[in-house]
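Reader: I would like to go through this structure and ask what the terms rest on. Please give the reasons in plain words.

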Amino acid sequence: PQPIDSPEVTQIASAISRLGVVVGVPDSTALRNLRLSPTEPAHLADAVLAIRERSEVDPARVGLAGFSAGASIALIAAADPRIADDLAFVSAFGGYSDAEQLLIDVTTNTAVVDGAVRPWQADEGIRRDITTLLTNAAGSEADAAAIQALLAAPDRPTAEAAAAALS
């Protein structure tokens, strides 16, 4: 994940703000350290609550937008009962709903599109971050071993079999 002051994040936030939108870019120590914490969606909901309280913000026009891992977190955060009924929008770009499928796709350089396996390759930095993030998220030694077997899989069927060993 990019730090909140990276040029890419700053450029996107600035472009959106030029449309008259107040943009908040929450920081996550866990994500910066490639750790996925179950508290991340609540952290994002807290950011929404903080932005809503600002005097220059119309609380009826607050929403969430996320990219990549942030898209998945934004979708989960949108269900938080503290904000769910009051969000004006939720926009997710490039998120995955299934970490196991993501790991298979990244490992095998393929993706299932319209029911067919097609070649696909993640950027090397994203590939590294995703494999580190998901390996760090393993709930047990058995899961960590299954993830390592999946990462070593030479093809999609072998990766899918290794993924089936995850709890």
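Reader: Which residue in β4 is the bridge partner of Ala111?

Author: The partner is Arg118. Keep in mind that this is a predicted model.

Reader: What makes β3 and β4 a pair of strands?

Author: Pairing needs at least two bridges between two strands. Strand β3 (residues 110-113) and strand β4 (residues 116-119) are joined by 4 bridges, so they count as paired. The two strands run antiparallel.

Reader: What do β3 and β4 form, and how many residues lie between them?

Author: They form a hairpin, with 2 residues between the strands. Asp114 in that turn has a positive phi of about 55°.

Reader: How do you know that α5 and α7 are in contact?

Author: Contact means heavy atoms within 4.5 Å. Leu103, Ile104 and Thr107 in α5 meet Ile147, Leu150 and Leu151 in α7, so the two helices are in contact by that cut-off. By class, this contact has 5 nonpolar residues, 1 polar residue and no charged ones. The axes of α5 (residues 99-108) and α7 (residues 141-151) come within 9 Å and cross at roughly 35°.

Reader: Why is Ile147 called a lining residue of the second largest pocket?

Author: A lining residue has an atom within 4 Å of a pocket point. Ile147 is one of the 11 residues that line this pocket, so it has such an atom. Ile147 is also among those closest to the pocket's centre, as are Ala99, Leu134, Ala137 and Leu166. The volume of the pocket is about 200 Å³.

Reader: Which helix gives the most to that lining?

Author: Helix α5 does, with 3 residues. By class, the lining of the second largest pocket has 7 nonpolar, 2 polar and 2 charged residues.

Notes. Residues numbered from 1 in each chain as written. Predicted model: local features only at pLDDT ≥ 70, side-chain atom pairs only at ≥ 80, totals over all residues. Heavy atoms only, no water. Axes fitted to C-alpha atoms, helices over the stretch in contact; angles between N-to-C directions. Nonpolar A, V, L, I, M, F, W, Y, C, P; charged D, E, K, R; others polar. 1 Å grid on protein atoms, 1.4 Å probe; cavity = no way out; pocket = protein on both sides within 12 Å on 5 of 7 lines; lining within 4 Å. Points joined across faces, edges and corners; volume = space filled by probe spheres on them.
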